[in-house]
Amino acid sequence: MKNIVALIATAALAAQGATAHYIFQSLAKGTAKGAPYEYVRRNTNYNSPVTDLSSNDLRCNVGGATGSNTSTLELNAGDTFTFSLDTAVYHQGPISLYMSKAPSTAAEYDGSGDWFKINDWAPQFNGGQATWTMKDSYSYNIPKCIPSGEYLLRIQSLAIHNPGGVPQFYISCGQVKVNGGGSASPTPTAKIPGAFKATDPGYTANIYNNFHSYIVPGPSVFNC
């Protein structure tokens, strides 16, 4: 019976995923909902996911390689920021936040440098059930210890709702200028593409069968 229920759930989610998706389209200071694409690079693939693990589109989505038409949000180290979506996340999977320091301005940066992760919203397990954080906005804080400067601030939803299918990355990059920072050198770092592998347990997980633990793909979270 459990297998039948799992198959029905998988089929329903796959059908839903074929008709609609979601996109992180705004970034704001504090917990406010920002204006769409003011501080977030506009993608050119509507709300479709990226699925190629070797693609540069994994950095900032299709069409997001530069941000010349995107403003840069000024934040102090330690400030709260919020990414908002056009509709709430509904595909199960982790939500992750990454940052990469620009050599000069965030608007000119293509994200080819080192990335470090500042947060994961991973599943919570209770009574044999997994609960995912699926919302229409996600708030967190700029680490207090990172150096001042301009950064790409990347948010990622890794959708693993369809076991046996190809996992889907829903990605957006905001542009931020951090003031009042510290002197830490965030570690570990990773390149994108390269941070995620098809053999990662968190990439291949079947969330409907014997699902009792989970490791989010990518580097571990940096803490000050």
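**Val176 and its contacts**

I started at Val176 in this predicted model and listed its contacts, leaving out neighbours within four places in sequence. The list holds Leu27, Thr72, Leu73, Leu75, Met99, Ala106, Gly149, Glu150, Tyr151 and Leu153. I then looked up the core around it: Val176 is among the six residues that touch the most other members of the largest nonpolar core, which has 33 residues. The others named with it are Leu27, Phe81, Phe83, Met99 and Leu153. Leu27, Met99 and Leu153 are also on the contact list of Val176.

**Where the core comes from**

I asked which strands supply at least two residues each to this core. They are β1 (24-29), β2 (73-76), β3 (80-85), β4 (95-101), β5 (116-121), β9 (149-159) and β10 (168-179). Strand β9 gives the largest share, four residues. I also noted a second, separate core of 25 residues; Ile160, Phe169, Cys173 and Phe211 are included in it. As background, I wrote down that nonpolar side chains tend to be buried together in soluble globular proteins.

**Aromatic pairs**

I counted ring pairs next, and the total is 15 aromatic pairs. I looked at two of them in detail.

For Trp121 and Tyr140 the ring centres are 6.2 Å apart and the planes stand at 75°, so I entered the pair as edge-to-face; the cut-off for that label is over 60 degrees. Trp121 is in strand β5 and Tyr140 in strand β8 (residues 137-141), so the pair ties together parts 19 residues apart in sequence. Are the two residues buried or exposed? Trp121 is buried, with a relative accessible area of 14%. Tyr140 is partly exposed, at 25%.

For Phe169 and Phe196 the centres are 5.2 Å apart and the planes at 40°, so this pair is tilted. Phe169 sits in strand β10 and Phe196 in the loop between β10 and α3 (201-204), and the pair links distant parts of the chain, 27 residues apart. Phe169 is buried, with a relative accessible area of 1%. Phe196 is buried as well, with a value of 4%. Phe169 had already come up as a member of the second core.

I also traced a cluster: ring pairs link Phe24, Trp121, Tyr138 and Tyr140.

**Charges over rings**

I checked for charged ends placed over rings and noted two cases. The charged end of Lys135 sits over the ring of Tyr138, 5.3 Å from the ring centre. Tyr138 is also a member of the aromatic cluster. The charged end of Arg154 sits over the ring of Tyr98, at 5.2 Å from the centre.

**The whole chain**

I finished with the overall figures. The protein has three helices and 10 strands, in the order α-β-α-β-β-β-β-β-β-β-β-β-α along the sequence. Its radius of gyration is 17 Å, close to the 17 Å that the globule rule gives for 224 residues, so I recorded it as being as compact as a globular protein of that length. The C-alpha trace spans about 55 × 35 × 35 Å along its principal axes.

How much of the protein is buried? Buried residues make up 49% of the 224 residues. Among contacts with a separation of 6 or more, 79% join residues 24 or more positions apart. The exposed area is about 10,100 Å², and carbon and sulfur atoms supply 50% of it.

Definitions and conventions:
Residues are numbered from 1 along each chain as its sequence is written. This is a predicted model: local features need pLDDT of at least 70, side-chain atom pairs count only at pLDDT 80 or more; totals for chains, interfaces and linings use all residues. Side-chain values use heavy atoms; hydrogens and water are left out. A nonpolar core is a set of buried Ala, Val, Leu, Ile, Met, Phe, Trp, Tyr and Cys residues joined through side-chain atoms within 4.5 Å. Buried means under 20% relative accessible area, exposed over 50%, partly exposed in between (1.4 Å probe, protein chains only). Contact means heavy atoms within 4.5 Å. Rings of Phe, Tyr and Trp (its six-membered ring) pair if their centres lie within 6.5 Å; planes under 30 degrees apart count as stacked, over 60 as edge-to-face and the rest as tilted. A charge sits over a ring if NZ of Lys or CZ of Arg is within 6 Å of the ring centre and within 35 degrees of the ring normal. The radius of gyration is taken over C-alpha atoms; the globule rule is 2.2 Å times the number of residues to the power 0.38. Accessible areas come from the Shrake-Rupley method with a 1.4 Å probe; for residues, only the protein chains shown count as cover.
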